[in-house]
Amino acid sequence: MIKAFRLTAILEGISYLLLFAFTMPLKYWANIGAPNKHVGMAHGVLFILFVVLAGLVCYQYKWSIKRFIIFFIASLLPFGTFYVDQKYLKDLK
């Protein structure tokens, strides 16, 4: 399960950055909304999957609610999921 969580964390972070750095400027500066719709949908699904997997992994590893809250807050910040991956998940097998 930890591999799936790490992959989801990376993909969620990438989708978040793509949304803000690429598709939102296209939508608001060039009036091209289709990429924003598709990347936004993917990001939404990945965000929900990240939060669900964070809960499951915290339960599986018997981590505290504090760590889950850190994971959740990190999912709201750009580069946050990359931080979670490096700080908490990198050395787990």
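Where is N31 found? Select N31 in your viewer and you will land in the loop between α1 (2-29) and α2. Before going further, please keep in mind that this is a predicted model.

**Stop 1: the whole chain**

Zoom out and show the protein chain as a cartoon. You should find 4 helices and 0 strands, so to speak a chain read along the sequence as α-α-α-α. The C-alpha trace spans about 45 × 20 × 20 Å along its principal axes. Of the 93 residues in the chain, 32% are buried. Now think about contacts with a separation of 6 or more: residues 24 or more positions apart account for 64% of them.

**Stop 2: back to N31**

Select N31 again and look at its backbone. The phi angle of N31 is near 55°, a positive value in a residue other than glycine. Is N31 buried or exposed? With 68% relative accessibility, N31 counts as exposed, because the cut-off for that word is over 50%.

**Stop 3: α1 and α2**

Colour α1 and α2 on either side of that loop. Their axes are 8 Å apart, and the two helices pack at an angle of about 150°. This makes α1 roughly antiparallel to α2. The crossing of this pair is left-handed. Sorted by class, the contact of α1 with α2 has 19 nonpolar, 6 polar and 2 charged residues.

**Stop 4: F5**

Stay with helix α1 and select F5, which lies in it. The relative accessible area of F5 is 0%, so F5 is buried. Which residues does F5 touch, not counting residues up to four places away in sequence? Show the side chains of F50, L53, A54, V57, F71 and L89 to see them. For a distance to try in the viewer, pick the C-alpha atoms of F5 and A42: they are 16 Å apart in space, and the two residues are 37 apart in sequence.

**Stop 5: K62**

Next, select K62 in the loop between α2 and α3. K62 has a phi near 55°, a positive value in a residue other than glycine. Its relative accessibility is 73%, so K62 counts as exposed.

**Stop 6: α2 and α3**

Select residues 34-60 for helix α2 and residues 65-76 for helix α3. The axes of these helices come within 10 Å and cross at roughly 165°. That makes α2 roughly antiparallel to α3, because an angle over 145 degrees counts that way. The crossing of α2 and α3 is right-handed. Which residues make the contact? On the α2 side, select F47, F50, V51, A54, G55 and C58. On the α3 side, select R67, F68, F71, F72, S75 and L76. By class, this contact of α2 with α3 has 9 nonpolar, 2 polar and 1 charged residues. You have already met F50, A54 and F71 among the residues that F5 touches.

**Stop 7: L77**

Move on to L77, in the loop between α3 and α4. L77 has a relative accessible area of 46%, so L77 is described as partly exposed. Now add Y16 to your selection. How many residues apart in sequence are L77 and Y16? They are 61 residues apart in sequence, while their C-alpha atoms are 8.8 Å apart in space.

**Stop 8: α3 and α4**

Show α3 together with α4. The axes of α3 and α4 come within 7 Å and cross at roughly 150°, and the crossing is left-handed. To display the contact, choose R67, I70, F71, A74 and S75 of α3, then G80, T81, V84, Y88 and L89 of α4. By class, the contact of α3 with α4 has 6 nonpolar, 3 polar and 1 charged residues.

**Stop 9: T81**

For the last stop, select T81 in helix α4 (residues 80-89). Is T81 buried or exposed? T81 counts as buried, because its relative accessibility is 2% and the cut-off is under 20%. Turn on the side chain of T81 and follow it to the backbone nitrogen of G13, which it reaches at 3.4 Å. Leaving aside neighbours within four places in sequence, T81 is in contact with A9, E12, G13, F50, A74 and S75. F50 should look familiar, since F5 touches F50 as well.

Technical notes:
Residues are numbered from 1 along each chain as its sequence is written. This is a predicted model: local features need pLDDT of at least 70, side-chain atom pairs count only at pLDDT 80 or more; totals for chains, interfaces and linings use all residues. Side-chain values use heavy atoms; hydrogens and water are left out. Axes are lines fitted to C-alpha atoms, for helices over the stretch in contact, and angles run from 0 to 180 degrees between N-to-C directions. Angles under 35 degrees count as roughly parallel, over 145 as roughly antiparallel, 65 to 115 as roughly perpendicular and the rest as oblique. A crossing is left-handed if the near helix is turned anticlockwise from the far one by less than a right angle, and right-handed if clockwise. Contact means heavy atoms within 4.5 Å. Ala, Val, Leu, Ile, Met, Phe, Trp, Tyr, Cys and Pro count as nonpolar, Asp, Glu, Lys and Arg as charged, and the others, Gly among them, as polar. Buried means under 20% relative accessible area, exposed over 50%, partly exposed in between (1.4 Å probe, protein chains only). A polar contact is a pair of N or O atoms within 3.5 Å; within protein, one must be able to donate a hydrogen and the other to accept it, and residues adjacent in sequence count only if both atoms are side-chain atoms.
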